[in-house]
Amino acid sequence: MIRKHLCYLLLAIIITSCSTNPYKNTEKVYDKQLKTLENQITSKETQNIPAVSPVVIDTTYAQQLGIVKDTLSKTGSTILLNGINTEWIGTVNFNLRKPSFIIIHHTAQDSVQQTINTFTKTKTQVSAHYVISENGKVVQMLNDYLRAWHAGASTWGKNTDINSSSIGIELDNNGFKPFTEAQISSLVALLTKLKKDYNIPTQNILGHADIAPGRKQDPSALFPWKTLAEKGFGIWPDEVLEEAPFDFKIEQALRIIGYNTKNLSAAIMAFKLHYIQTDTTSTLDRKTIDTIYSIYKKQLQ
């Protein structure tokens, strides 16, 4: 009888030891790192912002952030279409995804106040990470790691969801006036920080028109792309243009650069808005062809 009880006890110990989670320690590391990342995306620091009239902000931001945090921490089994259940084992090697593009816009509105009002109303369904006023003040409206709704339906190369991989910067400008020196100075300072923080490639600093040819025109032809390129933010054609080869394929080159060429005329106009600016028509003259060739070569470097 005693031997029988000992056998049962031994069997119970074996079953208990088999049911112990062998990944208990790493799960603790996972949870700890997850908490750190949650704190990282929810932290907000006080900064000087432009003087604006009181803005009524609803609770949607906090609600959206709650969804993000829940999504981050959601674990467990998922049933696949073939009936297989996934098994959860948390890795200890992970971090937040980093943005790889910066998209520059002009607000097409009349003031920073109007833009902030637009970005703090649920019904508008539009937002950006940063807004820069004419006097150089910078307002951050969303953590860099979170997805703003600034690019809309847009593509660059094979990337068809620019919102998920970019930081959106809005410049307070109605699209018809020059950008101020203070504004561009703050933009350069912000780009310096963001490019370093996220190791963003030089050629991935673009305008809204670049990623949405025909649909968007911002920033306008008055935007100083050449100045930015000289400081390492974006690329610019050679001062003396090399003549493109006779068999140079323009549409293919524009696609390699990144432009969506389904509407070739719109792609040409978007390219010229960025790299020529004095002429934003769809005309393919010698200067336009050679400029495309120059940017095409730089994109391949």
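Is Glu242 buried, partly exposed or exposed, and what is its relative accessible area? I looked this up before anything else and found that Glu242 is partly exposed, with a relative accessible area of 42%. I note at the outset that I am working with a predicted model.

**Entry 1: the partner of Glu242**

I followed Glu242 to its salt bridge with Lys297, in which the closest N and O atoms are 2.5 Å apart. This pair links distant parts of the chain, since Lys297 sits in helix H10 and Glu242 in the loop between H7 and helix H8 (250-257), with their positions 55 residues apart in the sequence. Lys297 is also partly exposed, and I noted a relative accessible area of 23% for it.

**Entry 2: the protein as a whole**

I then stepped back to the overall make-up and counted ten helices and five strands in the protein. Of its 301 residues, 40% are buried. I also looked at contacts between residues at least 6 apart in sequence, and 69% of these join residues at least 24 apart.

**Entry 3: the sheet**

I traced the five strands and found that they form an open sheet in the order S3-S2-S4-S1-S5, with mixed pairing. Strand S3 (138-140) and strand S5 (205-207) are the edge strands, each pairing on one side only. On average, neighbouring strands of this sheet are turned by 25 degrees against each other, when direction is ignored. I reminded myself that strands of a sheet pair through backbone hydrogen bonds, either parallel or antiparallel. Looking at one pair in detail, I saw that strand S2 (residues 130-132) and strand S4 (residues 166-171) pair in the parallel sense over three bridges, and that Val131 stands opposite Glu170 in S4.

**Entry 4: a buried acid**

Which side chain of opposite charge is nearest to Asp144, and how far away is it? I found Asp144 in the loop between S3 and S4, where the residue is buried yet has no salt bridge; the nearest side chain of opposite charge is that of Lys193, 4.9 Å away. A salt bridge needs the nitrogen and the carboxyl oxygen to be within 4 Å. Leaving aside residues up to four places away in sequence, I listed the contacts of Asp144 as Pro99, His129, Tyr130, Ile167, Leu194 and Tyr198.

**Entry 5: helix H5 and its charged pair**

Lys193 does have a salt bridge, and I found that its partner is Asp197, with the closest N and O atoms 2.6 Å apart. Both residues lie in helix H5, four residues apart, which is about one turn of the helix. Lys193 counts as partly exposed at 45% relative accessibility, and Asp197 counts as partly exposed at 34%. I also looked at Thr192, which lies in helix H5 (residues 181-198) and is partly exposed, with a relative accessible area of 43%. Thr192 and Lys231 are 39 residues apart in sequence, and I noted 9.2 Å between their C-alpha atoms.

**Entry 6: a salt bridge within one loop**

The count of salt bridges comes to nine. One of them joins Arg147 and Asp161, whose closest N and O atoms are 2.9 Å apart. Both residues lie in the loop between S3 and S4, so the pair ties together parts that are 14 residues apart in sequence. Arg147 is partly exposed at 42% relative accessible area, and Asp161 counts as partly exposed at 33%.

**Entry 7: backbone details**

I looked for unusual backbone geometry and found a cis peptide bond joining Asp218 and Pro219, with omega at about -10 degrees. Pro219 has its place in the loop between helix H6 (208-211) and helix H7 (225-230). Asn199 has a positive phi of about 50 degrees although it is not a glycine; this residue lies in the loop between H5 and S5 and is exposed, with a relative accessible area of 66%. Gln277, also not a glycine, has a positive phi near 70 degrees. Gln277 lies in the loop between H9 and H10 and is buried, with a relative accessible area of 19%.

**Entry 8: helices H9 and H10**

How do the two helices on either side of that loop pack, and at what angle? I found that helix H9 (residues 264-275) and helix H10 (residues 286-300) pack at an angle of about 75 degrees, with their axes 11 Å apart, and the two are therefore roughly perpendicular to each other. Where they meet, I noted Ile268, Phe271, Lys272 and Tyr275 in H9 against Thr288, Thr291, Ile292 and Ile295 in H10.

Notes. Residues are numbered from 1 along each chain as its sequence is written. This is a predicted model: local features need pLDDT of at least 70, side-chain atom pairs count only at pLDDT 80 or more; totals for chains, interfaces and linings use all residues. Side-chain values use heavy atoms; hydrogens and water are left out. Two strands pair if DSSP finds at least two bridges between them. Axes are lines fitted to C-alpha atoms, for helices over the stretch in contact, and angles run from 0 to 180 degrees between N-to-C directions. Buried means under 20% relative accessible area, exposed over 50%, partly exposed in between (1.4 Å probe, protein chains only). Lys and Arg count as positive and Asp and Glu as negative; His and the chain ends are not counted. Contact means heavy atoms within 4.5 Å. Angles under 35 degrees count as roughly parallel, over 145 as roughly antiparallel, 65 to 115 as roughly perpendicular and the rest as oblique.
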